[in-house]
Amino acid sequence: MRLSTQRPAGHPARAGALRGAHHWRHAFVRPSRHSPPADVAVPPVTITTRTGIRIHGIQTGVLAVKRAHATLRRPAALRLLAIVLDPTWTPLLPILTWVIEHPEGLVVIDTGERAAASDIDSYMAADPANRWFFKRNLPMYVTPAEELATQMRGLGLAPEAVRTVVLTHLHGDHTGGMGFFPYAEFLVARAEYEGQLRRPLGAVRSLWPPCFTPRLIDYDGPALGPFPAIHPLSRAGDLLILPTPGHSYGHQSVLLRDEERCYLFAGDLAFSEDQLRTQGLQGIAHDLDQARATLERTWRFARQTPTVFLPSHDPHALQRLREGE
Ligand SMILES: [Zn+2]
């Protein structure tokens, strides 16, 4: 990560950027109008680290969020209402997933969305609350060719061979592709799983496949820099899970350590590197104090250690992976 205080270039203008409803009533009582993306699928980005590990960055379609979702508006207590009432949208953002070809096995981080998510009415028919929220506040566009399993096969990787899937959290756009991995163990933070069972917030339980019986992570490993504890993922010690709560009940991130730098697969810890650098809060945070502490720890870590910051919805993440910054 470059430690410049300059703001990075803004999001590239994308064909098909959403046109927001022009009045809050539109956002509240009926779906905002927006145009589906005209872009063709973004090809995966593959790099090989100094230690010979291959990382694939795979975009499984795009989504858009309200601006009040990406950036916290005050008063913070009304942040969910602010999202629903906001008539303005971000540009279309990627839904990113990551596949690591590690000597100890294939590891997938988040599973993206399926093409069926492009039609929320039928996709979430069994879950009226989520259907309402996603349709009005989180439209997604995914083609069959963009699904994670299809793109993995195109890279010569068999989803059936995956034994480990780490979920940064259980929001629908990170779990839609879980069914592609029938033989994998899913690793989820205990706080995330138990919180979403108690009171679902962004998790679409009606879409969880039968193979989803996750192993719950409690972070029993040692501290790592500003992080109080980690969960080791590889025996070699180069791959581990970090607790990064705040965005959701028990959000977590994955860290791959190379000889010269770290790759931080950061889920929805921040929408962009700029948001991390400026310690900017999102409107969708479950716990703002935790979100603030996570941003501060992550930024402190990134300043101490050369880190490629790879959140799930950053239009510049694939480019940073390619360039190693
Ligand atoms: Zn999320």
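Five strands make up an open sheet in this predicted model, and their order is 9-10-11-12-13, with mixed pairing. Two of these strands sit at the edges: strand 9 (231-232) and strand 13 (307-311) each have a single partner strand, so one side of each is left without a neighbour in the sheet. Further in, strand 10 and strand 11 (residues 252-257) run antiparallel to one another and are paired over five bridges. In that pairing, L242 is the residue that stands opposite S253 in strand 11.

L242 is worth a closer look. This leucine belongs to strand 10, which covers residues 239-243. Is L242 buried or exposed? With 20 or more other C-beta atoms within 10 Å, a residue counts as buried; L242 has 27 of them, so it is buried. Apart from neighbours within four places in sequence, the contacts of L242 are L224, F227, I230, Q252, S253 and L255. S253 thus turns up twice, as a contact of L242 and as the residue opposite L242 in strand 11. L242 can also be set against A189: the two are 53 residues apart in sequence, while their C-alpha atoms are 9.8 Å apart in space.

A189 leads on to another part of the chain. Strand 7 (185-189), together with strand 8 (215-217), is what the buried residues of helix 8 pack against. Helix 8 itself spans residues 190-198, and its buried residues are A191, E192, Y193, G195 and Q196.

Next come the strands with lower numbers, starting with strand 2. This strand takes in residues 54-63 and is mostly covered, with nine of its 10 residues buried. How does strand 2 pair with strand 1 (residues 45-48)? The two run antiparallel, over four bridges, and T46 faces H56 of strand 2. They form a hairpin with five residues between the strands, and in that hairpin G52 takes a positive phi near 85°.

Strand 2 pairs with other strands too. With strand 3 the pairing is antiparallel and runs over eight bridges, and V62 stands opposite P94 there. With strand 5 (residues 140-141) the sense is again antiparallel, this time over two bridges. V62 appears in this pairing as well, standing opposite Y141 in strand 5. As a general point, the strands of a sheet pair through backbone hydrogen bonds, in either a parallel or an antiparallel way.

From strand 3 the chain carries on into strand 4 by way of a hairpin, with two residues joining the strands. Strand 3 and strand 4 are antiparallel and share five bridges, and V99 is set opposite V108 of strand 4. Strand 4 (residues 105-109) is largely enclosed by the rest of the structure, because four of its five residues are buried. Which way does strand 4 run relative to strand 6 (residues 164-166)? Here the two are parallel, joined by three bridges, and V107 lies opposite T164 in strand 6.

Strand 3 matters to the nonpolar core as well. The largest such core has 83 residues, and the members that touch the most others are I241 and L310. Strand 3 (residues 93-102) supplies the largest share of this core, six residues. For L310, leaving out residues up to four places away in sequence, the list of touching residues is W98, Y263, L264, F265, A266, A317, R320 and L321.

Stepping back to the whole protein, the model has 11 helices and 13 strands. Of its 325 residues, 49% count as buried. Among contacts with a separation of 6 or more, 67% are between residues 24 or more positions apart. As for confidence, the mean pLDDT is 88, and 88% of the residues reach 70 or more. Residues 2-31 are another matter: pLDDT stays under 50 throughout this stretch, for which the model has 56 contacts beyond four places in sequence.

Definitions and conventions
Residues are numbered from 1 along each chain as its sequence is written. This is a predicted model: local features need pLDDT of at least 70, side-chain atom pairs count only at pLDDT 80 or more; totals for chains, interfaces and linings use all residues. A residue is buried if 20 or more other C-beta atoms lie within 10 Å of its own, exposed if 12 or fewer, and partly exposed in between; C-beta atoms are placed from the backbone. Two residues are in contact if their C-beta atoms, placed from the backbone, lie within 7 Å. pLDDT is the predictor's confidence in each residue, from 0 to 100. A nonpolar core is a set of buried Ala, Val, Leu, Ile, Met, Phe, Trp, Tyr and Cys residues joined through C-beta atoms within 7 Å. Two strands pair if DSSP finds at least two bridges between them.
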